[in-house]
Amino acid sequence: MEIDIIVWILQIILVPVTAPLCVGIIRKIKAKLQNRRGAGIFQPYRDLWKLFHKDEVISKDASWIFRCAPYIVFTVTIVVGASIPLFASYSDVTGSGNLLVIIYTLAIGTFFLALAGIDIGGAFGGFGSSREMTMAALAEGGFIFSLLTVGIISGSTDLFAISQNGLIQQGYLLPSTLAFLGLCIVLLAETARFPFDNPATHLELTMIHEAMILEYSGKKLALMEWASANKLLIFIALASNLFFPFGLAQHADSGAVLVALAVFAVKTIIFCLVIALLESFIAKFRFFRLPDLLMIAFIFNVVAIILIH
Amino acid sequence: MIDVIISQIIFIASLLCFTVGGIGALLLRKNDAIANIWSNFFAILASLFGLSFAALAVMSGGDTSFSIGAFSLPFFSLSFHIDQLSAFFIFIISLISLFCSVYAIGYVKHFYKKYDIGVLGFFYNMFILGMLLVASSSNWLFFLVAWEIMSIASYFLVIYDRHDQNNVRAGFLYLIMTHVGTAFIILAALLLYKFTGSFDFASIQSASLLIPAPIKNIIFIFAIIGFGTKSGIIPFHIWLPDAHPAAPSHVSALMSGVMIKTGIYMMIRIFLYMIWPVPVWWGLALLVLGSVSSLLGVLYALTEHDIKRLLAYHSIENIGIILLGLGSALTFLSLGMPSLALLGFTAALFHTLNHAIFKSLLFLGAGSVISQTHTRNMEEYGGLIKYMPYTALFFLIGSMAISALPPFNGFFSEWLTFQSLFAGITLLSFYEKWIFILASGSLAFTGGLALACFVKAFGATFLARPRSSHVSHAKESSLSLRIGMASLALLCLLLGIGSGVMTVVLEGVGKNMAVFKNAASVVSLSGQHIVVGKNFASVSLPLLALFFMVTGGLVIYITKFIINKHQKVENNITWDCGTDLTERMEITATGFSRSIILIFRGILRPSIQHDIQYHDAQSRYLPKSRTVILKVHDVYRYYFYQPLHLAVNAVSSRVKNIQSGNTNAYILYIFIALIITLLSVLWK
């Protein structure tokens with residue numbers, strides 16, 4: 001009973017608690033690759049702490065959409081983070097582990113983020129929103145289909161049910177690989193990483209996500225930054241636990257849960273490493289080349305579904 | 001009590017009220033206010049009658065058949081047959097017309113002194129009456145009369161605002177297209193009569209085995225063209241984005257929300273009732289049509305900056321989504337998988353209801369904006385959320401529902417549609433599987449693009465700063481408008497939360513039909529969860545909504561009242577890079593969707609034209625004015641309708657040659673015709 005409660009709480013708070021660390025690790029690796037010392041991996045926590053204690057400036061043109069958006073965007077990431085397999089394949093807290101529910105719940109966050117970008121009436125925000133929605137619309141096909149591919153292989157579109165089956169063992173190596181590549185492309189697009197967006201810049205020509213949150217400050221900016229870190233961890237968890245579901249705790253057992261947490265940490269660090277390497281070795285693409293990449297993600301998955309007998 | 005309501009008396013009372021409302025409005029046309037109140041009061045009363053009748057008929061599942069009067073005419077009878085399917089569509093019609101009529105009481109006021117309110121009331125009531133008759137008649141000839149009442153009345157409503165030449169032109173296009181459609185419907189009805197010897201729906205159904213297979217295919221194609229024109233299926237849609245925006249907004253809401261569904265109703269009636277069983281390719285054809293309509297519908301919507309045209313294109317998209325459900329139902333049925341077919345059918349019905357609700361909500365919201373700003377151009381809006389906060393909130397709820405965001409109703413019916421398509425991908429093989437993959441792919445992209453489109457629609461209309469002086473004069477709309485919109489917005493949420501119950505009810509509607517009699521249900525309710533198949537998929541919107549509210553509440557509480565309680569919040573101007581930030585620097589509706597249009601330029605064919613006028617025409621240093629014209633060509637008009645139009649004109653000018661104007665020649669024609677007739681009689 002006690003272990004159940006602990007697992008329950010862990011499932012809810014794991015994403016928001018560890019997500020900033022994830023961002024910190026990626027930044028640290030990137031710094032090392034650029035021959036810099038870089039800030040410590042706990043720097044994102046300090047940034048959040050600092051932002052939470054700052055005063056705020058809100059535009060006179062902003063409506064309640066702008067004021068509410070950070071809460072909605074952040075809550076969405078908490079809800080989704082609690083609804084996907086993180087370290088245990090049985091801990092379905094909200095009962096909403098269906099792949100379409102996850103995807104469309106994440107879309108609520110995108111919707112309000114984009115509206116907030118338009119709301120302040122600046123020149124940056126609107127264009128950020130336009131770009132973000134273009135990317136989100138085109139990424140949707142690949143996102144749904146890559147999760148659907150693993151769903152069809154395991155005979156259920158419930159993410160927890162999918163994570164209970166080992167995909168590779170079932171002899172669907174090629175379809176799973178294609179679906180995984182597709183999901184990785186979507187991951188980069190949805191979490192505003194290279195080659196889609198540059199998370200470290202405030203240059204008007206390149207920015208998408210940063211342009212939308214340009215007017216935020218103080219607590220609201222902290223929530224927005226935190227939410228985007230959460231989203232990164234959510235996608236990493238999806239990619240790692242659906243395609244490499246080993247190490248997940250299958251039942252309530254404290255040993256299994258501890259091992260599972262360690263395995264989850266290792267998987268996440270590997271993904272952070274790969275993302276950091278990618279960001280160090282490739283350049284950001286021109287905006288109108290991105291649709292090709294997203295279409296490739298979709299077509300990979302169509303091929304993957306065809307390959308499943 | 002229930003018996004009385006289910007009996008036809010209440011339904012006839014509803015029809016009578018519409019008649020009284022219509023004719024009374026015409027008689028009282030001298031006084032605008034009285035005519036308005038009279039027509040809408042009776043429309044509300046009639047809708048309430050219809051609503052209570054239909055709701056109980058759907059719940060109790062009884063069939064009602066009755067005729068009014070006895071006609072000595074052969075074939076024709078005023079015969080009604082209301083099974084659960086009819087009752088469900090009567091429910092939708094009454095529900096939407098109830099809220100539209102409430103809305104109309106306040107909305108019509110801005111037509112006072114400009115136009116004749118009595119005429120509006122007359123056609124408005126006749127229009128709804130026509131739709132009710134369409135959904136309940138059970139005789140082809142009676143049905144065609146009802147269909148014409150509906151079409152003609154809606155034509156007059158489209159051209160009601162007749163001072164605008166565009167509206168008259170749109171109405172004319174609508175009149176032509178709807179009658180081309182009706183011609184095909186008549187042909188289909190005559191073919192059915194020829195082989196079954198009856199115009200009565202039930203008799204046709206019992207004699208349907210007499211229809212040979214090729215004729216069935218022809219009937220299918222005619223029905224698709226005929227009813228597809230009314231529903232706005234691409235490529236028969238060209239009238240829809242012109243005609244729906246032209247009508248007064250509460251009528252647009254009814255046309256987009258309800259009238260186009262009568263086409264869907266008749267498709268179900270013919271394919272799944274009258275001439276069942278059907279070949280597999282019918283279902284697949286519907287899936288392809290649905291995919292094309294949904295994807296192209298939303299793409300064209302993205303190119304619009306006229307708010308009502310944008311919404312009209314979204315109707316095409318949503319009809320496509322309904323067709324995806326219906327198409328998968330037909331496919332599964334003809335492959336002998338009735339349980340999955342029932343799933344697709346339920347999805348189609350649920351989306352029909354949901355779309356009726358959120359689309360009419362959006363049209364009413366647009367109408368309330370237009371009545372304040374007097375323009376439909378979204379580029380001239382901006383910042384309306386501060387002037388019309390309630391309208392903005394209701395429009396936001398409608399936008400979220402149509403973009404299929406949980407926990408609103410649109411999400412759940414799309415979720416069900418997805419499930420039936422996924423089932424097709426998993427179970428079918430070869431080219432059927434390919435078509436299901438195509439369908440779910442287009443549904444996935446449609447969802448994403450619809451989201452983008454409504455960020456644009458809501459953002460450009462309500463957010464940022466006003467882009468024209470129209471906005472700064474805007475005030476929140478009056479109470480009756482707000483009641484109409486608020487009820488629909490509430491329904492969006494309630495149907496989302498209560499989607500489990502609704503699914504069971506709609507499955508009941510399906511099971512009432514003979515084709516689904518033996519279908520085991522794939523959807524089951526376990527606790528709060530709706531489960532499809534053996535744990536293939538499950539969802540619980542109430543739990544999700546609850547979890548969301550609790551977490552959201554906690555987040556707000558902690559950030560506001562625990563961390564850094566004494567934070568100072570200052571209001572200041574938006575970061576302007578040191579220049580004066582004017583409203584012309586905001587993103588516009590056109591600018592917002594520009595990148596998507598460019599990405600899909602292969603389909604949308606955008607064109608750009610620059611015109612510059614100079615002060616000094618020779619040296620061209622000092623430009624006086626610049627114009628940029630962005631256009632998106634309608635591919636269908638260009639490649640399908642224009643060649644058709646040219647061909648018809650060419651044939652007509654050829655045929656004209658026999659009209660020589662010489663009396664002797666005409667007598668010769670008569671003579672030849674007589675001889676041919678005689679010969680053909682003798683031949684037999």
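Select chain B of this predicted model and colour it by burial: of its 684 residues, 58% count as buried. The tour moves from the whole chain to its assigned domains, and then to two individual residues.

**Chain B as a whole**

Switch to a cartoon representation. Chain B contains 26 helices and 8 strands. Its radius of gyration is 27 Å, close to the 26 Å that the globule rule gives for 684 residues, so chain B is as compact as a globular protein of that length. Aligned on the principal axes, the C-alpha atoms of the chain fill a box of roughly 100 × 75 × 60 Å.

A contact map is a useful companion to this view. Among contacts in chain B with a separation of 6 or more, 78% are between residues 24 or more positions apart.

Next, display the surface. The accessible surface of chain B comes to about 27000 Å², and carbon and sulfur atoms account for 67% of that area. Then select the charged side chains: 41 are positive and 27 are negative, and the centres of these two sets lie 3 Å apart.

**The assigned domains**

Colour three ranges of chain B separately. The domain assignment gives residues 346-562 as domain 1, residues 595-633 as domain 2 and residues 640-683 as domain 3. Place a centroid on the C-alpha atoms of domain 2 and another on those of domain 3; the distance between the two centres is 49 Å.

**First stop: H250(B)**

Select residues 249-274 of chain B, which form helix α11, and locate H250(B) within this helix. Is H250(B) buried or exposed? Its relative accessible area is 1%, and under 20% counts as buried, so H250(B) is buried.

Now show the side chains around H250(B). Leaving out residues up to four places away in sequence, H250(B) touches C100(B), Y103(B), A104(B), Y107(B) and V108(B), together with L120(B), Y124(B) and L364(B).

**Second stop: F462(B)**

Move to helix α18, residues 430-462 of chain B, in which F462(B) is found. With a relative accessible area of 0%, F462(B) is buried.

Which residues are in contact with F462(B), leaving aside its neighbours within four places in sequence? They are V369(B), G383(B), L384(B), I385(B), T391(B), A392(B) and F395(B).

To finish, draw a distance between the C-alpha atoms of F462(B) and M378(B). The viewer should report 9.6 Å for this pair, whose members are 84 residues apart along the chain.

Definitions and conventions
Residues are numbered from 1 along each chain as its sequence is written. Chains are lettered from A and ligands numbered from 1 in the order in which they are written. This is a predicted model: local features need pLDDT of at least 70, side-chain atom pairs count only at pLDDT 80 or more; totals for chains, interfaces and linings use all residues. Side-chain values use heavy atoms; hydrogens and water are left out. Helices (H or I, at least four residues) and strands (E, at least two) are DSSP runs, numbered from the N terminus. The radius of gyration is taken over C-alpha atoms; the globule rule is 2.2 Å times the number of residues to the power 0.38. Buried means under 20% relative accessible area, exposed over 50%, partly exposed in between (1.4 Å probe, protein chains only). Contact means heavy atoms within 4.5 Å. Accessible areas come from the Shrake-Rupley method with a 1.4 Å probe; for residues, only the protein chains shown count as cover. Lys and Arg count as positive and Asp and Glu as negative; His and the chain ends are not counted. The place of a charge is taken as NZ of Lys, CZ of Arg, CG of Asp or CD of Glu. Domain bounds come from an automatic or database domain assignment.
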